[in-house]
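User: I should like to learn how the features of a protein model are read. Please take me through them one at a time.

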Amino acid sequence: MITINELAKKLFAEKSVALFVHINPDGDALGSALALKCALNNSGVKADVYSNDEVPKKFAFFNQAKFVKNELNSEYSAFVAIDNAEISRLGKFSEDFAKHKNTYSIDHHISNTLYAKYNYVLDMASNSENILELLTVKGVEITEEIANLLLMGIITDTGNFRHKNTTDKTLLSASKLLERGGDINKITYETFTKQSKQRAMLFSLVMGKIRYFMDDKIGVITVNLSDFEKTKAKQEETEGFIDFVMGIDTVEIGLCVMEVEKGKYKVSFRSKGADVNMVASAFGGGGHKLASGCRIAGDYEEVIERLVFETSKYIDE
């Protein structure tokens, strides 16, 4: 892998850079990519951010969100994948990325497959911390705009500093960003507190049917297509649902099973200690030890049975 110093030297010497986030981008993917875009632009490097999917409405309060593109319509000297563990999760941009001769990956997932020419992967609470370190090494000014984008990434990937991935380094990074104008109150409200009536209705519906397994050590919530139809809520509005399950005292591992198409599910795993990256890996997914995900297809009850069976291997009797 490339070192942070090598990365800083090479990346900021590029003439033009296309930054790609993973499908269904979250706050850390968008925050770290847009912050790096601003830093490159401010350093005289042309840079744009591309996403396979639309930016979730909850992040629209950032001015930079409106500049995210979804159609590749220009040539760049370098392609950079941000907060993305495997090339397929770049969606429709995967093939273009694979064909480009000068590619980078800047990520914090331990499951990263090192698919780029230059890979910088460091297991941090958020990828935004890696970007902050990159900009610090390069000596780039951390403007108020950059500070808020990076702070959004840190806040969202740590569950507002509540998750176990929060470390002293995480808090130190957040402190540095606050010094440079980061607005923790506004970001927390926009990303965690504020919600639509439709999301509130969906939350009530989903939490009313939590299922428990292994003496209540495994908690599973399911969001069906019919639930979205009933409440008119969007799939992106399920973010944070799994945190409620993890607040249940008996639950050691929580699963959020969301139906994205008929018979096809997106699964999010959370853990208080067990390695759910291993669970997700069994289904072709991955992520972090305490937070991972995968996709799975099949009959609903069969899917639940397979997921619980694999998850139960990591529950202490």
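User: What covers the buried residues of α7?

Analyst: A contact requires heavy atoms within 4.5 Å. In this predicted model, the cover over the buried residues of α7 includes α5, residues 144–157.

User: Which residues of helix α7 are buried?

Analyst: Burial is judged by relative accessible area, with under 20% as the cut-off. Within α7, which runs over residues 184–193, Ile-187, Thr-188, Glu-190 and Thr-191 are buried.

User: How many residues of strand β2 are buried?

Analyst: In a regular strand, side chains point alternately to the two faces of the sheet. Strand β2, residues 46–50, is mostly covered, with four of its five residues buried.

User: In which sense do β1 and β2 pair?

Analyst: Pairing is read from the bridges between two strands, of which at least two are needed. Strand β1, residues 16–21, pairs with β2 in the parallel sense over five bridges. Leu-19 has Val-49 of β2 as its bridge partner.

User: Why does the radius of gyration of the protein agree with that of a compact globule?

Analyst: The value is set against the one expected for the chain length. For 317 residues a compact globule would have a radius of gyration near 20 Å, and the protein has 19 Å, so the two agree. The C-alpha trace spans about 55 × 40 × 40 Å along its principal axes, and 52% of the residues are buried.

User: Where do the contacts of the protein lie in terms of separation?

Analyst: Among contacts with a separation of 6 or more, 64% join residues 24 or more positions apart.

How values were computed: Residues are numbered from 1 along each chain as its sequence is written. This is a predicted model: local features need pLDDT of at least 70, side-chain atom pairs count only at pLDDT 80 or more; totals for chains, interfaces and linings use all residues. Side-chain values use heavy atoms; hydrogens and water are left out. The radius of gyration is taken over C-alpha atoms; the globule rule is 2.2 Å times the number of residues to the power 0.38. Buried means under 20% relative accessible area, exposed over 50%, partly exposed in between (1.4 Å probe, protein chains only). Helices (H or I, at least four residues) and strands (E, at least two) are DSSP runs, numbered from the N terminus.
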